Amino acid sequence: MELRQLRYLIALAEERHFTRAAAREHIAQPALSQQIRRLEEEAGLPLVQRTTRRVALTEAGELLVARARRVIAEIDAAQAEMQGLRGLQTGHVTVGAMHTMGPVDISLALAIFHGRHPGVELTVREQSSEELAEMLRVDELDLAFLSVTERIESHGLGLLQLVSEELVAVLPAGHRLAGRLRLRMAELRDEEFISYREGSRLREVLVSAGRAAGYEPRVTLESNESQRIRRLVARGLGVAILPRSDAAGPGAEIVAVDLTRPGLTRDITLAWREGRRQSPAAAAFLAMAKETFAGGTPDRAGQATAGLGASQSDPSEPRN
């Protein structure tokens with residue numbers, strides 16, 4: 001097996017399309033197809049299921065891709081280490097991020113790192129926390145900013161919680177409960193919810209809190225953008241549970257009400273695969289992220305501010 005063939009297979013697994021994979025690898029599509037066929041001949045098993053619309057991997061293909069990613073990662077790391085002996089001048093870092101990062105400004109981290117190492121290429125991929133955790137395990141990412149959900153197995157991952165942020169109920173300005181200072185989750189039993197898609201930490205928190213209050217939240221609209229959720233709420237299409245930073249920031253006019261019994265939070269955690277030999281560029285970004293965010297979330301000037309904790313307020317009371 002040749003390294004280039006393994007790279008082609010990885011590209012095909014991620015793009016699920018021969019033409020796109022070939023473009024990504026900067027070769028002609030027939031040449032990529034030929035190399036995949038040679039790889040299958042050598043393996044003695046079909047690796048790819050070809051249809052007119054899309055490409056899927058066989059079980060053997062999935063196994064080989066997982067191994068190939070590890071092999072390529074080790075080789076890339078070794079090459080980068082050799083370059084590192086001459087100074088961190090080149091390299092590539094792939095960072096994962098949740099769709100809503102709250103007070104953790106990932107653009108700040110990218111800007112700081114680029115300022116220190118302008119020759120290193122940076123890629124950011126946005127997915128749900130569960131998807132990011134799996135991408136770390138198969139070395140599609142060097143590190144990720146995610147939230148630790150109940151379905152994420154921490155085994156094999158290094159985790160550093162950066163902040164725990166309070167969640168609030170977000171209501172239209174004219175809502176019957178908009179004048180309250182605090183709400184119990186049970187009081188939202190009859191509401192229609194606007195929420196993030198399944199697999200996200202915030203969707204998981206909403207469902208768990210509703211079930212703990214004795215009902216299944218009715219999610220009628222989904223979006224992965226906090227500002228769109230705010231606009232939908234502002235137009236009276238439902239209510240939502242959002243991080244306080246998203247509810248308090250600029251955007252559509254809504255009313256944010258504290259939640260109690262229970263108070264809800266979500267974490268923002270820096271994660272990486274333990275045991276992986278990081279390239280010098282990835283190791284430098286990981287160290288910089290820990291330096292920048294651990295112990296608080298810096299503002300644009302780089303000053304650290306403490307994370308938000310869960311509300312421990314007393315029962316609901318009207319606004320003054």
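## Overall composition

The protein contains 10 helices and 14 strands. The structure is a predicted model, and 48% of its 320 residues are buried. About 15600 Å² of the protein is exposed, and carbon and sulfur atoms supply 48% of that area.

Contacts can also be sorted by how far apart the two residues stand in the sequence. Of the contacts in the protein with a separation of 6 or more, 74% are between residues 24 or more positions apart.

## Confidence of the prediction

The average pLDDT of the protein is 84, and 88% of the residues score at least 70. Among the elements, the highest mean pLDDT, 97, belongs to strand β8 (residues 192-195), whereas strand β14 (residues 304-305) has the lowest, 37. For residues 296-320 the pLDDT is below 50. This stretch nevertheless has 58 contacts in the model beyond near neighbours in sequence.

## Aromatic pairs

A pair of aromatic rings is described by two quantities, the distance of the centres and the angle of the planes. In this protein the count comes to 2 aromatic pairs.

One pair consists of Phe-113 and Phe-285: the ring centres are 5.0 Å apart and the planes stand at 55°, so the pair is tilted. The label follows because planes under 30 degrees apart count as stacked, over 60 as edge-to-face and the rest as tilted. Phe-113 belongs to helix α5 (residues 106-116) and Phe-285 to helix α10 (residues 280-293), so this pair ties together parts that are 172 residues apart in sequence. Both Phe-113 and Phe-285 are buried.

Phe-145 and Phe-293 form another pair, with ring centres 5.9 Å apart; the planes are at 90°, so the pair is edge-to-face. Phe-145 is part of strand β5 (residues 143-146) and Phe-293 is part of helix α10, so the parts tied together here are 148 residues apart in sequence.

Are the rings of this pair found in buried or exposed residues? Phe-145 has a relative accessible area of 0% and is therefore buried. Phe-293 likewise counts as buried, at 0% relative accessibility. The cut-off for this term is a relative accessible area under 20%.

## A charge over a ring

Another side-chain arrangement involves a lysine and a tryptophan. Where does the charged end of Lys-290 sit? The charged end of Lys-290 lies over the ring of Trp-272, at 4.4 Å from the centre of that ring.

Technical notes:
Residues numbered from 1 in each chain as written. Predicted model: local features only at pLDDT ≥ 70, side-chain atom pairs only at ≥ 80, totals over all residues. Heavy atoms only, no water. pLDDT = per-residue confidence, 0-100. Helix = DSSP H or I, 4+ residues; strand = E, 2+ residues; numbered from the N terminus. Contact = heavy atoms within 4.5 Å. Buried < 20%, exposed > 50% of the residue type's maximum accessible area, 1.4 Å probe, protein only. Areas by Shrake-Rupley, 256 points an atom, 1.4 Å probe, with all protein chains shown as cover. Phe/Tyr/Trp six-rings, centres within 6.5 Å; stacked < 30°, edge-to-face > 60°. Lys NZ or Arg CZ within 6 Å of the ring centre and 35° of its normal.
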